[in-house]
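Trainee: Before we discuss this model, I should like to ask for the reasoning behind each label that is attached to it.

Mentor: Then let us look at the model together and set each value against its criterion.

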Amino acid sequence: MTTTLNAGQWRGVDLGTRTVSYTERDAIIYALAVGAQATELDLVFEERLRVLPTFALTLAQWAPDELGLRGAFDMKTALHGSQELKVLAPMPRNGEITLKASVGEVWDKGAAAVFEVVVESEYFVATWSLFAPGYGGFGGERGPSKPAAPVGEPTVTTELVTSANQTALYRLLGDKHHIHIDPEAAAHIGQPRPIMHGLCTLAASTLPIARELGVHPADLVELSGRFAAPVFPGQSLPIRGWQTDRAVDFELGDAISGARVKFAG
Ligand SMILES: C/C=C/C(=O)SCCNC(=O)CCNC(=O)[C@H](O)C(C)(C)COP(=O)(O)OP(=O)(O)OC[C@H]1O[C@@H](n2cnc3c(N)ncnc32)[C@H](O)[C@@H]1OP(=O)(O)O
């Protein structure tokens, strides 16, 4: 461990403000990386482009990375545990966004610490939860427990089909952690081969759900979910959802639990 602070002392630390820029090309590559089809012109054609709100999360990847770089946890063993996104306004097709990041709560799970990183902008507020084995035991609060399993039969059933090349494409948007591309780095966290980015899997799940509901995926206004088990590129997983109006509580196989997506309208 490279830090002199215990995990709990990172609570509330300011991680800085950055202005990031992107083009239509970035937003289209992102849409393809989370499973948009060539026929979904609103997602892949500059002239009709609507930016997927989850694209914002790739622009903010520097924030959880900044906490790791400052030495709060070992970036080679920490995993993305869960994510929340609240959309405040639609993203422009291109331009600049200013993002302000800070550490939220730090939960003490005994064998691990869970660090929350909160990113705020005029377009969205997002919270990353990073699961850091070996950093618990600092005498902090345990925080939220596992989400309750949904009750009753699902009202939305569909499937997430991932492709063998998906992480190789998704990483070009900014999350270049080696566990998603390098078998040696994956082996270091006990995985037989590179694993999907949690944010790619979570965002990709919202496209088949939107198709089932007959809504536009760019109308997403809320998204959250816990990464319960790794997903491998090329895997297909069932989505089981429970719909209330334009919101769906869902789980993705055994990989994402306690998830929720809500669309405007
Ligand atoms: C930089 C990396 C970027 C990435 O994108 S990585 C890819 C996406 N992420 C993943 O693939 C992670 C998949 N999830 C897992 O492999 C496992 O899931 C974990 C290793 C994260 C945890 O599993 P285990 O060590 O067996 O933990 P437990 O015994 O189930 O729970 C211990 C406490 O930790 C809380 N917890 C478990 N999982 C998570 C999570 N994903 N996010 C936040 N908290 C978590 C529980 O609730 C519980 O605490 P309570 O006893 O208080 O209930």
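The dialogue below concerns the ligand, the salt bridges and a few single residues of this predicted model.

Trainee: Which residues come nearest to the ligand?

Mentor: The shell holds 22 residues, and those that come nearest are H80, G81, S145, K146 and F227. To belong to the shell, a residue needs a heavy atom within 4 Å of the ligand.

Trainee: What makes the approach of G81 to the ligand a polar contact?

Mentor: A polar backbone atom of G81 is 2.9 Å from a nitrogen atom of the ligand. The cut-off for a pair of N or O atoms is 3.5 Å, so the pair qualifies as a polar contact.

Trainee: What places K146 and R226 in polar contact with the ligand?

Mentor: For K146, a polar side-chain atom lies 2.8 Å from an oxygen atom of the ligand. For R226, an N or O atom of the side chain is 3.0 Å from an oxygen atom of the ligand. Both values are within 3.5 Å, and therefore both pairs count as polar contacts. The protein covers 76% of the 1000 Å² of accessible area that the ligand has on its own.

Trainee: Which elements give two or more residues to the shell around the ligand?

Mentor: They are β2 (79–87) and β7 (220–227). With three residues, β2 gives the most.

Trainee: How do the residues of the shell divide by character, and which domains supply them?

Mentor: The shell divides into 11 nonpolar, seven polar and four charged residues. Domain 1 (7–133) and domain 2 (156–263) each supply at least three residues.

Trainee: How many salt bridges are counted, and why is the pair of R11 and E105 called one?

Mentor: The count comes to seven. Between the side chains of R11 and E105 the N to O distance is 2.9 Å; the limit is 4 Å, so the pair is a salt bridge. The pair links distant parts of the chain, with R11 in the segment before β1 (14–22) and E105 in strand β3 (residues 95–108), 94 residues apart.

Trainee: Why is R11 called exposed, and E105 partly exposed?

Mentor: R11 has 52% relative accessibility, which is over 50%, and therefore counts as exposed. E105 has a relative accessible area of 27%, which falls between 20% and 50%, so E105 is partly exposed.

Trainee: What makes E66 and R18 a salt bridge, and where do the two residues lie?

Mentor: The side chains of E66 and R18 meet at 3.4 Å, N to O, which is within 4 Å and therefore satisfies the criterion. E66 lies in helix α4 (residues 62–69) and R18 in strand β1, 48 residues apart.

Trainee: Is E66 buried or exposed, and why is R18 called partly exposed?

Mentor: E66 has 16% relative accessibility; this is under 20%, so E66 counts as buried. R18 has 37%, a value between the two limits, and is therefore partly exposed.

Trainee: How do you know that D219 and R50 tie together distant parts of the sequence?

Mentor: Their side chains meet in a salt bridge at 2.7 Å, N to O. D219 lies in the loop between α7 (198–213) and β7, and R50 in the loop between α2 (41–44) and α3 (55–59), so the bridge ties together parts that are 169 residues apart in sequence. D219, at 21%, and R50, at 32%, both fall between 20% and 50%, and therefore both count as partly exposed. Elsewhere, salt bridges that share partners join R18, E66 and R70 into one network.

Trainee: What makes the phi of D245 notable?

Mentor: Most residues other than glycine have a negative phi. D245 is not a glycine, yet has a positive phi of about 50°. D245 is found in the loop between β8 (236–244) and β9 (247–252). Its relative accessibility of 68% is over 50%, so D245 counts as exposed.

Trainee: Why is Q191 called buried?

Mentor: Q191 is placed in the loop between α6 (183–188) and α7. Its relative accessibility is 19%, which is under 20%, and therefore Q191 counts as buried.

Definitions and conventions
Residues numbered from 1 in each chain as written. Predicted model: local features only at pLDDT ≥ 70, side-chain atom pairs only at ≥ 80, totals over all residues. Heavy atoms only, no water. Polar contact = N/O pair within 3.5 Å; in protein donor to acceptor, adjacent residues only side chain to side chain. Areas by Shrake-Rupley, 256 points an atom, 1.4 Å probe, with all protein chains shown as cover. Helix = DSSP H or I, 4+ residues; strand = E, 2+ residues; numbered from the N terminus. Nonpolar A, V, L, I, M, F, W, Y, C, P; charged D, E, K, R; others polar. Domains from an automatic or database assignment. Buried < 20%, exposed > 50% of the residue type's maximum accessible area, 1.4 Å probe, protein only.
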